[in-house]
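Please work through the exercises below with the sequence and the model at hand. Each exercise sets a task, and a solution follows step by step.

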Amino acid sequence: MQFVYPLLNYVSASMSGLNNSSNSVTSNTTRHILACSYFVSQYQTVRSLAEELSIKFGKSLEEIRLWMRYNDNDLRPIDFESIDDITCQEAGFIQNTDILLEIRNNDLTWPEELYTLATRSKALAASALSPSNSIGNIDEEGRGQIGLSNLGNTCFLNAAVQCLSHSFPLTFYFLHKYHLFEINKDNPIGMQGNIALCYGQLIAKLWGNVRGPLAPFELRGSVAKFGSSRFTDFQQHDSQEFLSFLLDGLHEDLNRVYDKPYVELKDSDDRSDEDVAHEHWSNHLARNTSIIVDLFHGLLRSQVKCRICEFKSVRFDPFNILSLPLPIDTSIYIEVKLIRLDGSKPIRYGIKLNGELTVDHIKTQLAILSELSIEQIAFFDVTSPTCLRRYTVMDYNHTKIKQLNLRDFVAYELPLLKLTDKDKYLSIYIVAIHRRLERQERYLSPLTRHKILFFGQSIIIPYNKVDSIKITNKNIYENISKQLERLLRKNTNLTCISNHALDCDDSLGQRYPFILKHVKEDGRRCSLCPWNRFCLGCSFESDEKEFLYTNGNIAIEWESSAYFLRYLSGHEQDVEIHSSVKSCRLGNNIESNNDEPSSAVTLEDCLQSFINWENLDNKEMFSCKRCKQLQPADKKLDIWKLPPCLIFHIKRFQLSNNRWIKSPRSVRFPIRSFHPAKFLAPRSSNVNSLATSPTEDNFSDSSSSVSSLSSPTMSEPVLVSSSVDNNLILSPARLLNENNSNLQQDQSTTTKLPPPESQNEIIIKKNKRFGRRKKKVDNQNDKFNIPCPPKFIQKNDRSLSFGDNSFDTDNAAYNLYAFICHYGVIGGGHYVSFVKNHINQQWYCFNDSSCKPVSESILEQCSSSAYLLFYERESLDHRCYMPNVEGRNQVVNELSLTTDDRWCSLM
C-alpha cells in the first residue's frame, strides 16, 4: 500500500527574536518561518528532496542543511550527503513531519550555530553545578571527531586547526601538557604564551569528552589581539597564511632560547655546501629551538648563478611550509603568415616555443621551417592597409615571447644585397600599397575632390640602388604584376564571356590593369610635388626610363571598373597551411584543456618545478662578487633537509594579467609511501661524518629538545652562544626498537594520548575559571597541580652526519594524514579539511562544524581542489621529540589566560 506524506518545511532565516529573558530559548517562535508545504513519497530519497529545495530557494547543496524539527530547540540533523539513497521512510518521516531547512549565511556561518553560541552563556552557570548535556563518555576510537563552528568567514582557521590537531606528535605534546613547562613569556617577538595556551586548551577540548561542535573564540581572539592585523576582521583569508602564522606563533611562545645571540649570515665564498649548511642550521638552532622546529622545520638551499662568469652564491634558509608552483606549460603557440617575393601563395607556419625565450627564437624557428635565412625575414604590422610598418618589438632580441600581445604575425621575405668585401647584408625595398579613387560630388578643396579607398595587402618591391645595375620603370611594373598574378582574373577568361560591363573596362586593352604613382608613406599625397599643388601622386609609365626613387612608397591605383572586374579580393586571405600548424594546434588544445586526464599533474611534477632553474628578470640583477657589478643571473632552490612532518602548499592562486586567478588544475598526490628524498640536493661524497654522542642518558633525541634543559627556572646557564654542540644541529636519530631492554616504560601508556578529562575535572576547572579571583599564593601552588609528563629513555650512542644527511637520504617514506581543499573562486571560496584519525585509521571530512567519515576513494576526487598537504614520516616515533621536563617547574598555569565571559556578540 502506497502512502503520500505531507511535509512542512521551515526556513531558519532570522535571529531577531533573541531577548534577555531567561526563558527566551523556549518562548521564541519567530526564529523558524513557515516557507512551504510538500507532498512526498515514502520511497523518495532525502537527497532528491534536498535538491528540490535547493533549486526552489536558489541555493546549492553545500549551502543548506536539513533538520528533523520536533520543536524550536529539539532538532536532529538529516544526513543526505554521505548516504545518497536513504529514503524518506528510512529517515523517519511520518505524517505532518516538520523539516527545518537551514540556509547558510553569506559569511559562511549557520544560523542555528549562532543561536546556540549566543544562548550558551545563559546556561553556563547552571552547567557548572549540574552535568552538562554536551559532556559524555566517548570511547577511545571516537575521540578527535569534533567540528569547529564558523564564527564568520573562519573556515580558513577551522581547516588549519583540524589538520594541525591530527599531527600526532604535536597533539601528544599538548595533551600531555609539555607546553606548560616551556612557555616563553619573555620572548619579545612572541605572544606572551597566549597562542600556545589557547591552542592547547582547544586541543584538549577537541580530544576530550565534549560532544557537538566547538567555537574557537579564545584562539580567534588571541590571533586578532596578538597576531597580525590581517586576521582582525571577519573577511576571507588564506588558510596557508594563517597556518604559517600559527606555526610561527606557537614556535615563538614555546621557544627554549631566552637570550638569542647575534648571528652573522655569511656567504658561501666557494666553500662546500655541507659546511655552509652546517653553519646556517647551527645558527638557526642557536636562536630557535622548540617542538615546532623539531617537527616542521626543514632546510632549503638557494643558489644564484651569474650568467656571465658562472659565479655561484649559496645560502641556506629554514622553512616550515613548502610552496610548490603548479607546473604550468609556459609554451606559447604562435602562427606566422609568410609572404614571399615570388608572388606564390602565402604559407602559414605554426611555432610553439617557451614563453621565457626571446623573440629571436621565433625568427630562428621560422627560418628553419621556411628554408630562408634569418636576415631575409622581417615582421610587419598589417593592421592598417594605408601603410606597412616594421614590428619593432620583434627586432628587439631581449624581448621575451610572453611579453608579446599578439599571437598571429605577418612576415615578409626581404630582398638581400651582400656588401662588397664585407660579411654583411643590406636590405633595401619599396612598399607598394593598393588604392582606388572615387569622385565625390561635393568637396571643399581639390585635395578632397576624390575619396581615397585603401584595400588589400601591401607589397614589398626589391630595389638595389648600390650596384650600377639600372632599375627601370618596366622592372617595377613587372615585379608588381608578378606578385599580383594570383589575385588577377585572366584576360582569356573575360573575352569569352558576353558581358556588357566589360565594355566599360579600358584596362582590357592594356597590359596592366593599374597605374603606379609616387606617393608618400601615408599613400595620400605625392612625394614629388609640393603640398600646395594638391597632387595625389605623379604616375609613371612602364617604359625603359630609370626609376626615380623618392624615399616614399608606390601607390597601385585601380580604376573602379578594373578593380571590380579584374581584382579577386576573395583570394587575399588564401594561405597554404603548413604541417607545423596542425601539430602545434593539436598539442595546444590538449594541454589547454584542464579537464582532460592528460592535463593532470602529480605532486612529483610540482616538486620538480620547484627545484628547476629560474631566470631572473632584468629588474632583479645579481650583484656578482667576481664581476664587481650587477649581472643577469639564474636562481635555483633545492631541498636540503626534510622535517618529520612535511607540509606542501600548492600555489593555486596566481597573478595573471595584473589580476589574481585560481588554477583548477588537478594535482594527484600519493596517500602513502611517498618518497620525497629523491628531490633532495646531492651531497659531496668526500665529506667526513661527524659522530656525536650525548653526555646524559636522559637527553631527548630531538634536534632542539636538548636545549630545553636550559631554562630560567633551572640552575644551568641558558644557552646563548652560537657555537652549539653538534647534537643540537643533527637530525633526530631513531630510537631503539620496542623490545630493547633500555626502554623500560610501558609502551601502551607512553605511545597513546592521555585519557580525556573526567566530568568532575571539567566542573572544577570551570569553577576556577568563572569563580573568584585567586590570590597570588594560590596561583603559585597551582603550578604543581598537574603530573609531570612522561619521560622517555633513549639510545645512548648514535652516529649521525648532517653533512651526508643520512637520515634524509635513506629514502624514508612519508604518509598523508591530512589535507585542506579550497572550493569556489578566489575571494569567495570555502575551505574544507580531510584528516586521518590516528586512533581508528579512518578518514574524516571536517566542514566547519560537520564531521563525516569518508573513504579513501573520495580523496582521489579532491585533486583539483587540494591546497595544503600534510605528510608524516613513516614509522615516526613521537617520543624522541618530547622534551625532558623532569625536575622543572611549571612556567604558567593552564587557566592563566584573561578571557571574556561573553561567548559571542551579534550585530
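**Exercise 1.** Find the residue in β26 that is the bridge partner of leucine 299, and then describe how β6 is paired and covered.

Solution. In β26, leucine 299 has lysine 641 as its bridge partner. This contact belongs to the pairing of β6 with β26 (residues 633–641), where eight bridges join two strands that run antiparallel; strands here are DSSP runs of E with at least two residues, numbered from the N terminus, and two of them pair if DSSP finds at least two bridges between them. The model is a predicted one, in which local features need pLDDT of at least 70 and side-chain atom pairs count only at pLDDT 80 or more, whereas totals for chains, interfaces and linings use all residues. Residues are numbered from 1 along each chain as its sequence is written, and side-chain values use heavy atoms, with hydrogens and water left out.

The next step is the pairing of β6 with β7 (residues 312–319), which is also antiparallel and has eight bridges, with serine 302 opposite arginine 315 in β7. These two strands make a hairpin with five residues between them, and in the turn glutamate 310 has a positive phi of about 65 degrees.

The last step concerns cover. In a regular strand the side chains alternate between the two faces of the sheet. In β6 (residues 298–306), nine of the nine residues are buried, where buried means under 20% relative accessible area, exposed over 50%, and partly exposed in between, with a 1.4 Å probe and protein chains only. One side holds Gly298, Leu300, Ser302, Val304 and Cys306, the other holds Leu299, Arg301, Gln303 and Lys305, and both faces are covered.

**Exercise 2.** Give the strand order of the open sheet of five strands, and explain why one side of β17 and of β19 is left without a neighbour in the sheet.

Solution. The order is β17-β16-β20-β18-β19, and the pairing is mixed. Strands β17 (450–462) and β19 (538–540) stand at the edges and have a single partner strand each, so one side of each lacks a neighbour in the sheet. Looking at one pair, β16 (residues 429–439) is joined to β17 by 10 bridges in the antiparallel sense, and arginine 439 stands opposite histidine 450 in β17.

The loop between β18 (514–519) and β19 holds tryptophan 531, which counts as exposed because its relative accessibility is 65%.

**Exercise 3.** Work out how many disulfides there are, and check where cysteine 163 and cysteine 526 stand.

Solution. A disulfide is a pair of cysteine sulfur atoms within 2.5 Å, and by this rule the count is zero. For cysteine 163, the closest cysteine sulfur belongs to cysteine 821 and is 9.1 Å away, too far for a bond. Cysteine 526 is in no disulfide either, the nearest cysteine sulfur, in cysteine 538, being 3.4 Å away. Cysteine 163 is buried with a relative accessible area of 0%, and cysteine 526 is buried with 2%.

**Exercise 4.** Name the edge strands of the open sheet formed by seven strands.

Solution. The order β8-β27-β35-β31-β32-β33-β34 has mixed pairing, and its edge strands are β8 (322–325) and β34 (850–854), each of which pairs on one side only. Within this sheet, β31 (residues 814–823) and β35 (residues 866–873) pair in the antiparallel sense over seven bridges, and tyrosine 814 has arginine 873 in β35 as its bridge partner.

Methods
Helix = DSSP H or I, 4+ residues; strand = E, 2+ residues; numbered from the N terminus.
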